[in-house]
Amino acid sequence: MPSPNDEDRLARRSAFLAGARACLPLLPGILPFGMVCGAAAAGAGLSLGQSFALSWLVFAGSSQIVAAQLFASGAPGWVIIATGWAVNLRFMMYSAALAPHFRGFSGPRRWLAAYLLTDQAFAVTLARILDGRPGASWFYLGIAATLWLLWQISSLAGILLGALIPQSWSVDFVVALTFIGVLAPLLRDRNMIAAAVAGGGAAVLLDLPMKLNLMAAAVAGVAAALLLEKLWPKSQSGA
Amino acid sequence: MAEIAVWGVIAALGAATFATRLSFIALFAQTELPRWLRRVLYYVPPAVLAAIVAPQLLSGAPGQHAAPDAPRVVAALLALAIAWRTRSTLLTIGLGMAALWGMRALL
């Protein structure tokens with residue numbers, strides 16, 4: 001007869017494996033995105049080691065691409081760090097939402113869970129939590145660790161193969177299309193659309209020194225949405 | 001940028017990013033996210049993503065002399081519609097690139 005300890009271990013294992021399997025539908029989005037990020041870093045003139053370090057130390061596609069673009073344009077180091085960090089501020093929101101589910105984890109496991117946090121792992125785990133299904137923390141580790149592995153493999157492929165693609169194919173446009181794919185589902189309410197329009201508009205119109213455009217545009221976008229929310233709070237439909 | 005400075009920037013961005021992930025899971029595990037910060041963070045993704053995409057639709061660098069690049073703008077709007085309807089990254093990238101190449105070949 002299995003002891004409670006064994007049952008516990010089995011439940012964890014099956015939650016972990018369910019998480020790993022939940023990656024499958026995400027593959028068509030993850031693999032090309034990872035390759036684009038790897039190719040962007042190598043294309044910006046970073047060495048193989050540096051490009052790969054960006055992939056596993058930062059491990060966040062949008063900010064990896066932004067950092068690569070800023071490296072290529074000769075922006076100062078602190079602007080690259082500040083802009084990439086601003087792109088990743090959303091992780092604080094995810095961290096706060098998942099924190100109650102990691103209370104049972106020891107210190108090192110919490111740090112591991114935090115390191116593996118991504119948009120996709122968060123979104124899929126949250127959907128499972130909202131469904132009221134148990135084992136969220138081990139399910140999360142399963143999907144997050146599998147995504148990490150797939151991300152590193154596709155990044156490495158992009159770093160090594162990216163340079164073989166001819167310039168005339170305008171593959172840089174894949175970066176814009178990737179972001180459009182991430183942006184579109186966010187445009188659910190008026191305030192989100194305002195943030196996008198103001199952010200995009202400011203990025204096009206501003207010509208600031210030291211490539212601070214992106215930081216300023218992000219501030220403009222958030223400010224526009226908050227202003228709209230304040231002026232017409234009634235029709236607000238956001239979460 | 002010097003080799004060592006590039007490494008420093010990558011390491012610092014990695015540490016800063018890790019800190020955002022670690023924030024409420026480990027560092028302030030007993031704290032709730034303040035409401036005002038939640039509102040700000042809620043709007044960061046659309047603002048930042050649009051700010052990354054928009055300059056890539058221009059024929060030049062942002063500023064006075066940049067003009068919209070018609071094939072890129074049209075392909076981007078098409079991709080936005082596809083992404084909105086299908087939620088498929090693969091279709092968005094595939095059809096968006098096909099639209100750009102098609103217009104480049106015709107114009």
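# A guided tour of cavity, pocket and helices

The count comes to one cavity of 30 Å³ or more. The model on display is predicted, and the tour begins inside it, at this enclosed space.

**Stop 1: the cavity.** A general idea may help at the outset: rolling a probe the size of a water molecule over the atoms shows where empty space is left. In this model, the largest cavity holds about 30 Å³ of space. Please select Thr83, Ala86, Val87, Leu214, Met215 and Ala218 in chain A, together with Val48 in chain B; these residues line the largest cavity. Helix H5 (77-87) and helix H12 (213-231) of chain A are the elements that give two or more residues to this lining. Colouring the lining by residue class shows six nonpolar residues, one polar and no charged.

Where does the largest cavity lie with respect to domain 1 (10-165) and domain 2 (187-239) of chain A? Both domains give residues to the lining, so the cavity lies between them.

**Stop 2: the second largest pocket.** Next, turn to an open space, the second largest pocket, with a volume of about 1400 Å³. It is lined by 47 residues, and those closest to its centre are Ala40(A), Gln69(A), Asp172(A), Val175(A) and Gln56(B). Selecting these five residues is a convenient way to centre the view.

Which helix gives the most to the lining of this pocket? It is H2(A), with seven residues. To see the surroundings, select in chain A the helices H2 (27-43), H4 (61-72), H9 (136-161), H10 (172-183) and H12, and in chain B the helices H2 (35-53) and H4; each supplies at least two residues of the lining. The lining of the second largest pocket divides into 34 nonpolar, nine polar and four charged residues. Domain 1 (10-165) and domain 2 (187-239) of chain A each provide at least three residues of this lining.

**Stop 3: a helix pair in chain B.** Now select residues 70-86 of chain B, helix H3, and residues 89-106 of chain B, helix H4. These two helices pack at an angle of about 155 degrees, and their axes are 9 Å apart. An angle over 145 degrees counts as roughly antiparallel, which is why H3(B) is described as roughly antiparallel to H4(B). The crossing of H3(B) and H4(B) is right-handed.

**Stop 4: chain A as a whole.** Finally, display chain A as a cartoon. How many helices and strands does chain A have? There are twelve helices and zero strands. The C-alpha trace of chain A spans about 70 × 55 × 30 Å along its principal axes.

How values were computed:
Residues are numbered from 1 along each chain as its sequence is written. Chains are lettered from A and ligands numbered from 1 in the order in which they are written. This is a predicted model: local features need pLDDT of at least 70, side-chain atom pairs count only at pLDDT 80 or more; totals for chains, interfaces and linings use all residues. Side-chain values use heavy atoms; hydrogens and water are left out. On a 1 Å grid over the protein atoms alone, a cavity is a set of points where a 1.4 Å probe fits but cannot get out, and a pocket is an open set with protein on both sides within 12 Å along at least five of seven lines; lining residues have an atom within 4 Å of a point. Grid points are joined across faces, edges and corners, and a volume is the space filled by probe spheres set on the points. Helices (H or I, at least four residues) and strands (E, at least two) are DSSP runs, numbered from the N terminus. Ala, Val, Leu, Ile, Met, Phe, Trp, Tyr, Cys and Pro count as nonpolar, Asp, Glu, Lys and Arg as charged, and the others, Gly among them, as polar. Domain bounds come from an automatic or database domain assignment. Axes are lines fitted to C-alpha atoms, for helices over the stretch in contact, and angles run from 0 to 180 degrees between N-to-C directions. Angles under 35 degrees count as roughly parallel, over 145 as roughly antiparallel, 65 to 115 as roughly perpendicular and the rest as oblique. A crossing is left-handed if the near helix is turned anticlockwise from the far one by less than a right angle, and right-handed if clockwise.
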